[in-house]
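User: Hi there! Could you walk me through a structure, one question at a time?
Analyst: Happy to; here it comes.
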Amino acid sequence: MKHRKSLFGATLLVALSLASAHAQAPPKPTLPLSDAKMQQFITSLMQKMTLEEKIGQLNLVSVGFDVTGPVVSKDVDANIKKGLVGAVLNTYTPVAAHKLQALAVQESRLHIPLILGYDVIHGHRTIFPIPLGLAASWDMSALERSARIAAEESAADGINWVYSPMVDIARDPRWGRVAEGAGEDPYLGSRIAEAMIRGYQGPNNDMTRPENVMACLKHFALYGAAEAGRDYNTTDMSRQRMYNEYLPPYRAAVKAGVGSVMSSFNDVNGIPATANRWLLTDLLRNQWGFTGFVATDYTAINEMEAHGMGDEKKVSELALKAGVDMDMVGEVFLKQLATNLKEGSVRQADIDQACRRVLEAKYKLGLFQDPYRGVTEERAKATMMKPAYIEEARSITRRTLVLLKNDRQTLPLKNTVNIAVVGPLADRARDMIGNWSGAGDGKQAVSILQGIKNVGGPGIRVTYTQGVNVTDDDQLIRRLNAYGGELSIDARPAETTIAEAVRAAQAADVVVAVVGESQGMTGEAASRADIGLPGRQLDLLKALKATGKPLVLVLVNGRPLALPWENQNADAILETWFGGTQAGNAVADALFGAYNPSGKLTMTFPQSVGQIPIYYNHKSTGRPYAGVLLDKYKSRYLDISNDPLYPFGFGLSYTTFSYSKPTISKNTLRPDEGLTVNVTVQNTGQYDGEEIAQLYIRDLVGSSTRPVKELKGFQKILLKKGESRQLTFHLTADDLKFYNDDLKFVAEPGDFQVFVGGNSRDVQAASFTLAK
Ligand code: BGC
């Protein structure tokens, strides 16, 4: 190992080869993070920088593969050496990270280290359930642990910047990216954003520690409200809705100290987010106090040409002036900013400010002190997928499973010997790790079939048959396989394969049908207009039902699906999302009763795609429908009720819970006071189990129309069989505040209701008044 005095006076550890890096001393004590020191350091560095080098810091290039877009960066090594690259994405491993970092710190004129980013979304090598699944655990420590393990693995693999958490509120399950977020609720979404950031950046946001990474909040903003659920589509909404319903999780993340923000692809009320100065500067920085840097999404500046905002030169100007600091992959800044400056459409101060923010991020990551952050092959080997992580993955995955139906206690499987495991998602390890599983390896994941064999043990006999293909749409199959789908397609007619499955069912005691979506049918650029089971899967289920055998559905999917027939006809339904590396074992733990399901939905499941958008915290309307058939002039459909298939917050357990009526500590709350809501929850069934008690409020009269329910608290508790516990929730006037028509955050005096229960529908109410 060679030590070299850097330009900055700090000793840079220069690893000439990985072999020498192995001997690297443990990471050094952290740089003092005093703002003044950082600014002084950066000012003196920037004094040495040319305009070209400053613009270079704003350039984020992609190497390796084009997972998320058609563009791959060219001449990466040469550009790093010229100081024309500030950050790199889409590569990892100690070797790759060392190679890139060495180019920057040894071969560029000013030796400025690189930020190395990657889409670490739900785990890095050890893959956890997709974010929508993780959210269904309602377990903040499980979420934080999943992010912590992802941070430790990705940091050991040379990454220092992760593109998570994605906190876009989503109410439209046609949108494939609902899989990547926490669902429809702003309160829960905010708590989850905070937990994930703690996990990535560490409890004190001390990112100089080599096991922490910088998080990137995305996609700012309102990406989840794309019209018609079609990815990248227009977003247009009132400011009031924005502030009350969509912005809270982003804001919570900024408060929690997230280091960076990614601007979204969509336009926001007519201005693309990436050119939206109101969004990126007035709101994010001036109102919320964000001090990190803003990167665009993949080629989002270039895409503003298609949005119709102008030519490349113009969109370059718009993005910088709006508050973008880093251009992801599009190289618009690299090509245009010098001209913009020359022509006077941007100022030197605008470029300097963006450059400073990027350098600050590098400083906060401790990169000027140790650009390699203690990354060695030994550390990587000792960290990746270590047994403790795999064990945690299994335990976290179990907590994300949602039992949607369980007639006559079909589950857990008891005294069952012969199990027919049927369905296109049963033997699919690749699908288990889901979409955006970056460095994860499907081959190291446990399929549900394998999990059933592992957990069922020698006492059970399993017959497996695929039954039908996940889809028979040739074009879709081609597309999915072009992006790593690895689908196993049975070329025989569905009638033949269904008949085979029926024979297996007839010979079994119970049928476990593993149905749903392939991972590539969810995530980015994966919107669906029909959200039923794809292909011939419903035909398969109907044939299985006709055998009269108990029918257990195990759902594998990344979005709420419309499953009216399934809900009516299956004996039990277990929602398992894409459960990650340990999916099969965790699902089997639940099927056999080694774990009692405890997850609850964070997105409403509709009966039909025609009800979308459907969400629990909707407004009342002036003609609310109360279920009276001949009540014609009400807000309702002719052909379907307004009810969801499964409401927000819903999920069953093998045991049952009863709730007492909530009691409130006072009938009148003064604005400077708090009150408590008490409720007793009892485990009234035959198993120990966890329950997620949820507290909602309703503001009965307001200066604006108010939602019929809003989540304001929840507690996940374990109750032994027969046990009961009193739970206390605290509310203050702050919890009653909302943004009024003038966008003032106010609590308006008047009557409120409080509801407590096990989901957003089945609740008991109490009332109080907020005094003037
Ligand atoms: C996605 C982002 C992602 C980025 C980098 C984009 O296409 O929208 O979520 O972080 O690519 O891969």
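User: Which residues of H9 meet Pro 248, Pro 249 and Tyr 250 in H10?
Analyst: Glad to start there, with the note that this is a predicted model. By class, the contact of H9 with H10 has six nonpolar, one polar and one charged residues. Pro 248, Pro 249 and Tyr 250 are the H10 side of the contact, and the H9 side is made of Met 242, Tyr 243, Asn 244, Glu 245 and Tyr 246.

User: At what angle do the axes of helix H9 and helix H10 cross?
Analyst: Two packed helices are described by the angle between their axes and the distance between the axes. Here helix H9 covers residues 239-246 and helix H10 covers residues 248-255, and their axes come within 6 Å. The axes cross at roughly 55°. That makes H9 oblique to H10, the angle again being roughly 55°.

User: How many residues surround the ligand, and which are the closest?
Analyst: By class, the shell around the ligand holds seven nonpolar, two polar and five charged residues. In total, 14 residues surround the ligand, and the closest are Asp 119, Arg 177, His 219, Asp 297 and Glu 524.

User: How far is an oxygen atom of the ligand from an N or O atom in the side chain of Asp 119?
Analyst: Let me set three such distances side by side. For the side chain of Glu 524, an N or O atom is 2.8 Å from a ligand oxygen, and for Asp 297 the value is 2.6 Å. For the side chain of Asp 119, the distance is 2.4 Å.

User: What share of the ligand's exposed area does the protein bury?
Analyst: The starting point is the ligand taken alone, which exposes 310 Å². Of that area, the protein buries 100%.

User: Which residue does a cis peptide bond join to Ser 164?
Analyst: Most residues other than glycine have a negative phi, and most peptide bonds are trans. In this bond, omega is about 5°. The partner lies in the loop between strand S6 (161-162) and helix H8 (186-201), and it is Pro 165.

User: What is omega for the cis peptide bond from Lys 218 to His 219?
Analyst: His 219 sits in strand S7, residues 214-220, and is also among the closest residues to the ligand. The bond leading to His 219 from Lys 218 is cis, with omega near -5°.

User: Where is Arg 408 found, and what is its phi?
Analyst: Arg 408 belongs to the loop between strand S13 (402-406) and strand S14 (418-422). Its phi is positive although the residue is not glycine, with a value near 45°.

Note on methods: Residues numbered from 1 in each chain as written. Predicted model: local features only at pLDDT ≥ 70, side-chain atom pairs only at ≥ 80, totals over all residues. Heavy atoms only, no water. Axes fitted to C-alpha atoms, helices over the stretch in contact; angles between N-to-C directions. Helix = DSSP H or I, 4+ residues; strand = E, 2+ residues; numbered from the N terminus. Parallel < 35°, antiparallel > 145°, perpendicular 65-115°, else oblique. Contact = heavy atoms within 4.5 Å. Nonpolar A, V, L, I, M, F, W, Y, C, P; charged D, E, K, R; others polar. Near = heavy atom within 4 Å. Polar contact = N/O pair within 3.5 Å; in protein donor to acceptor, adjacent residues only side chain to side chain. Areas by Shrake-Rupley, 256 points an atom, 1.4 Å probe, with all protein chains shown as cover.
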